[in-house]
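Here are my notes on this model, written as numbered points so that you can follow along. Keep the viewer open as you read, and look up each residue as its name comes up.

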Amino acid sequence: MVMTMGELWTQVGSLMATVVFVCAIIQQYFPVPLRAHIDRYAHKLTGLLYPYITITFPEYTGERLRRSEAFTAIQNYLASRSTIRATRMRAEAVKNSKSLILSMDDNEEVIDEYEGVKIWWTSTKVMLTNKSFSRYPSNDEKRSYQLTFHRQHREIILETFIHHIMEEGKSVEKKNRQRKLYMNSSKNEWWHKSNWRHVPFEHPAKFRTLAMDPEMKQGIINDLIKFKNGKEYYQKVGKAWKRGYLLYGPPGTGKSTMIAAIANFMEYDVYDLELTSVKDNSELKKLLIEISNKSIIVIEDIDCSLDLTGQRKKKKTEDEEEKEMKDPVKQAAKEEEKQSKVTLSGLLNFIDGIWSACGGERLIIFTTNHKEKLDEALIRRGRMDKHIEMSYCSFAAFKVLSMNYLDVEWHESYHRIDQLLKETEMTPADVAENLMPKYEGEETDECFKRLVGALETAKEEAKKKAEEEAEAAKKAEKEKEAEAAKRAEKEKEEKEAAAKKEEESSIYTAENNGIKCNGVATKEAKENGHMENDQNS
């Protein structure tokens, strides 16, 4: 007897209901060890009936602390393959690209082929929602890619195909890579998975346009090239593949521009680390783990970021603490200081500790206006390997600025400018501001004339300031000498007063205690005198 279609679906539904019921009974009433055995044998039975193998590539590895390189490579690989076959895609614009970069959307499947082998790629995303009540639900995305293929092609997939997609993914990433500028945030919003936020890095600075001494510039370039090609060398000497640079000098000397030029030359991402937004040393380590390879970690004005000078604060007395508690301004400042508990030790471990080896090909750059304020342990060689002084504008730096802003290689005012730059101090930023045309069609002669005038004014102001400082120093010296003379006179008067007081005290003591005068007590002398008068009478 042939079953109708309705009867067939009825039996299939009944069978499925039975399977669901049995699974529910097993999960509810069977002990855990027995359930484990049942699951194992159920998977074996499924493997005999289902001839396909599935490999899962999760987005994060290592307790979700670090993004998987395999996941990134597969994502880039599928971006070049899924545009033909996928029905749902994501679009992203990349700088200097003529078209959008398309990638496979979440929970989408595409069919791929490699050497005649049919392969299925599936992107999955699972939302893990925290069951506890909160005003802002803490949703966590668990994303992964699944690779499915027939078991008879196991060797081809495992031995050649996976290696192929890793290499192809890296090639696509290099081709479509858009460098980024990251910043860390103190607020952990629930919709962000990372503490880093980013925007496209579009700073145009190049070493060619950097205003500094050519020999120093070339030395920095050579050092960077040596570092970029030094992976095997760093492994040989047993050091983490990183290098530290300390940029120091007055404001306006081009420290930030130098960082941008290095980033463009090395083609690295930039991570601008704001230490005051980091709660403690543990959060600092988490930020370090999330930093990608081929990157620059920047801490600008490190002498102003936190109290990292290495100086220990004196213990306050109870009276001082009580006064601070009563003063609302000081109390507010004290509470603000407590927001960040990053210590000098934590920062040193961040730069040169065990955790600094979690990644490679990284540059760490500090900037400061006052190098002398920093702790020696922070800037020693091995942490800040190369110290670069960004000083005032020299004539060589001026010529670079002249080419940048006016396209002029030589001008009749160059001799005068050279002389003035040797006699006065002006930052490259001030020189550039004077060279920049102020309106459309302004002649280069006017720009150079404005610069010469600014340099002469700065020279006069520096001369006047030096004279005022000399006069102030002379006046302070005279006041110091007068104060010393006054102090000496006061000490002399105090000594004379003390001597006079001591003399009066000795006389008073002699009268009251009967001190002998010429070997005879005063009382005896009086009595003897009285007896002699009686005898005479």
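1. Let's start with Trp-410. Leaving out residues up to four places away in sequence, Trp-410 touches Phe-395 and His-415. The tryptophan is found in the loop between helix H14 (395–406) and helix H15 (414–423). Is Trp-410 buried or exposed? Its relative accessibility is 52%, so Trp-410 counts as exposed. You can also look for Lys-399: Trp-410 and Lys-399 are eleven residues apart in sequence, and their C-alpha atoms are 8.2 Å apart in space.

2. Now for the overall picture. Please keep in mind that this is a predicted model. The protein has 537 residues, of which 32% count as buried. It contains 18 helices and 15 strands. Of the contacts between residues at least 6 apart in sequence, 68% join residues at least 24 apart.

3. A sheet comes next. Seven strands form an open sheet with mixed pairing, in the order E10-E9-E12-E13-E14-E11-E15. Which strands stand at the edges? They are E10 (196–200) and E15, and each has a single partner strand, so one side of each is left without a neighbour in the sheet. On average, neighbouring strands of this sheet are turned by 20 degrees against each other, direction ignored. As background, strands of a sheet pair through backbone hydrogen bonds, either parallel or antiparallel.

4. Strand E13 (residues 295–299) deserves a visit of its own. With strand E14 (residues 362–368), E13 pairs in the parallel sense over five bridges. E12 and E13 also run parallel, joined by four bridges. Ile-297 is a handy landmark here: it stands opposite Ile-364 in E14, and Tyr-271 stands opposite Ile-297 as well.

5. How many of the five residues of E13 are buried? Five of the five are, and the strand is mostly covered. Ser-295, Ile-297 and Ile-299 point one way from E13, while Ile-296 and Val-298 point the other way. That fits a general pattern: in a regular strand the side chains alternate between the two faces of the sheet. In E13, the residues pointing either way are buried.

6. Next, look at the helix lying across this sheet. Helix H8 (residues 281–290) lies across strand E9 (180–184), E10, strand E12 (269–272), E13 and E14, and it runs at about 40 degrees to E10. The buried residues in H8 are Glu-283, Leu-284, Leu-287, Leu-288 and Ile-289. What do the buried residues of H8 pack against? Their partners are strand E3 (66–67), E9, E10, E13, helix H12 (344–352) and E14. At the N-terminal end, H8 is capped by Asp-280, with a side-chain oxygen 3.3 Å from the backbone nitrogen of Ser-282.

7. Back to the edge strand E15 (residues 386–389), which holds His-387. This histidine has a relative accessibility of 19%, and so it counts as buried; the cut-off is under 20%. Two polar contacts involve the His-387 side chain: one of 3.3 Å with the side chain of Lys-371, and one of 3.1 Å with the side chain of Arg-381. Apart from neighbours within four places in sequence, His-387 is in contact with Leu-246, Tyr-248, Lys-371, Ile-379 and Arg-381.

8. Ser-144 is another residue to find, this time in strand E8 (residues 139–150). Ser-144 counts as buried because its relative accessibility is 11%. Its side chain makes a polar contact of 2.7 Å with the side chain of Thr-124. Not counting residues up to four places away in sequence, Ser-144 touches Thr-56, Phe-57, Pro-58, Glu-59, Phe-71, Thr-122, Ser-123 and Thr-124.

9. A word on cysteines. A disulfide is a covalent bond between the sulfur atoms of two cysteines. How many disulfides does a search of the whole structure find? The search finds zero. Cys-393 counts as buried because its relative accessibility is 5%, and Cys-447 counts as buried at 0%.

10. Finally, compare a database record with the model. In an unreviewed entry, UniProt lists residues 12–30 as "transmembrane region". In the model, this span is 95% helix and 0% strand, and its end C-alpha atoms lie 26 Å apart.

Methods:
Residues are numbered from 1 along each chain as its sequence is written. This is a predicted model: local features need pLDDT of at least 70, side-chain atom pairs count only at pLDDT 80 or more; totals for chains, interfaces and linings use all residues. Side-chain values use heavy atoms; hydrogens and water are left out. UniProt positions are given in the numbering used here, feature names are shortened, and annotations may be inferred rather than shown by experiment. Helices (H or I, at least four residues) and strands (E, at least two) are DSSP runs, numbered from the N terminus. A disulfide is a pair of cysteine sulfur atoms within 2.5 Å. Buried means under 20% relative accessible area, exposed over 50%, partly exposed in between (1.4 Å probe, protein chains only). A polar contact is a pair of N or O atoms within 3.5 Å; within protein, one must be able to donate a hydrogen and the other to accept it, and residues adjacent in sequence count only if both atoms are side-chain atoms. Contact means heavy atoms within 4.5 Å. Two strands pair if DSSP finds at least two bridges between them. Axes are lines fitted to C-alpha atoms, for helices over the stretch in contact, and angles run from 0 to 180 degrees between N-to-C directions.
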